[in-house]
Amino acid sequence: MATLLVGMVPRSMYLRLPGNLQFLNRFRCISTMAEQSSSFQKPRHVLKKVLARPQYEGDGAVVRRSIGRLELKRLDPFLLLDEFSVSSPAGFPDHPHRGFETVTYMLQGAFTHQDFAGHKGTIRTGDLQWMTAGRGIIHSEMPAGEGTQKGLQLWINLSAKEKMIEPRYQELQKEDVKRAEKDGVEVRVIAGESMGIKSPVYTRTPTMYLDFTLKPGAQVHQPVPESWNAFVYIIEGEAVIGTANSSPAATHQALVLSHGDGLSVWNKSTKPLRFVLIGGQPLNEPVVQYGPFVMNTQAEIDQTIEDYHYCKNGFEKAQHWKSETLP
């Protein structure tokens, strides 16, 4: 795999330049360096931009949905991406899932999770929960603490052979998420590999999930498996993506990428840039979705609804379960 390239313009390049000339020359130099440093044979570029607009979900919770809306229904193997912003008493009370995985990554505050198998816990800023719903989970996700709780939730499809496996969890606290920093670029590796470090998370559907923060003037060149589908979601700031002369993309935009062996991103603004780069190996299987149930055929969806209604085939524990009310 190619080496990740990161960089900022050396201070000596623009230290003696006055005012605006200093600022402009700084980014002219960045562009030149980018042309030299990007070694991808087939660099990725932006195919489509989707603005994640606020909408209500759950019980009064506000989310910005990018994948899973009319403009971008799915991006195989990804089914949904929500940036949520929730204050108590709003939240996501008891609800089911089958046939996929949910990845919850906290950006601010805390969320408490409870499920019908007795699993309960709270994830806080920087923490991660990777839940494989498999054959069936019923759970609640509610804000813990005062103020607004913010995070990202990603849904990843499971292959037909894994849709009915037993549920499982992988949870990492902030300090356990692998992190690296170089030349004004910081990356937190949720899944996959970057800057020579690997996440301990096991991905049944091969996935990369990288949280990048770039200081003003920084750039990053990240290898991505050529056949994978991938996208960028901007959490904060403005990003120049694909080529150094591309128009900047702004906060709350999802950017679907072309196929290729790597992606280049520049921060040409005067403020920090934070974004996630998410990619996955396509399953290339039929998808039939009914809300929180994702299977391969309509018959399987009909069976799932029956299983849920009659508390069987993975939903047995739902019959007498109800989540506890949080203080």
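**Close-up 1. Gln55 stands opposite Val63 in strand S4.** The model shown here and in the other views is predicted. Strand S3 spans residues 53-57 and strand S4 spans residues 61-67. The two run antiparallel and are joined by five bridges. Three residues lie between the strands of this hairpin. There, Gly58 takes a positive phi near 60 degrees. In a regular strand, side chains alternate between the two faces of the sheet.

**Close-up 2. Phe78 and Phe231 form one of the nine aromatic pairs in the structure.** Their ring centres are 5.7 Å apart. Their planes stand at 75 degrees, so the pair is edge-to-face; the cut-off for that class is over 60 degrees. Phe78 belongs to strand S5 (residues 78-87), and Phe231 to strand S20 (residues 229-236). The pair therefore ties together parts that are 153 residues apart in sequence. Both Phe78 and Phe231 are buried.

**Close-up 3. Phe293 and Tyr308 make an edge-to-face pair.** The centres of the two rings are 5.8 Å apart, with the planes at 65 degrees. Phe293 sits in strand S26 (residues 293-295). Tyr308 sits in helix H2 (residues 298-309). The two are 15 residues apart, and the pair links distant parts of the chain. Phe293 has 4% relative accessibility, so Phe293 counts as buried. Tyr308 has 35% and therefore counts as partly exposed.

**Close-up 4. Three phenylalanines form one aromatic cluster.** The members are Phe84, Phe92 and Phe111.

**Close-up 5. The largest nonpolar core has 28 residues.** Leu152, Leu154, Tyr209, Phe231 and Tyr233 have the most contacts inside this core. Several strands each supply at least two of its residues. These are S5, S7 (100-108), S10 (128-132), S12 (148-157), S15 (185-191), S20, S22 (253-257) and S24 (273-280). Apart from this core lies another, of 25 residues. Its members include Phe212, Ala218, Ile234 and Leu257.

**Close-up 6. Tyr233 and its contacts beyond four places in sequence.** Tyr233 is among the residues with the most contacts inside the largest nonpolar core. Leaving aside neighbours within four places, Tyr233 is in contact with Ala52, Leu81, Leu152, Ala254, Phe275 and Val276, among others. The list also includes Arg64, Ser66, Glu83, His252 and Gln253.

Terms used
Residues are numbered from 1 along each chain as its sequence is written. This is a predicted model: local features need pLDDT of at least 70, side-chain atom pairs count only at pLDDT 80 or more; totals for chains, interfaces and linings use all residues. Side-chain values use heavy atoms; hydrogens and water are left out. Rings of Phe, Tyr and Trp (its six-membered ring) pair if their centres lie within 6.5 Å; planes under 30 degrees apart count as stacked, over 60 as edge-to-face and the rest as tilted. Helices (H or I, at least four residues) and strands (E, at least two) are DSSP runs, numbered from the N terminus. Buried means under 20% relative accessible area, exposed over 50%, partly exposed in between (1.4 Å probe, protein chains only). A nonpolar core is a set of buried Ala, Val, Leu, Ile, Met, Phe, Trp, Tyr and Cys residues joined through side-chain atoms within 4.5 Å. Contact means heavy atoms within 4.5 Å. Two strands pair if DSSP finds at least two bridges between them.
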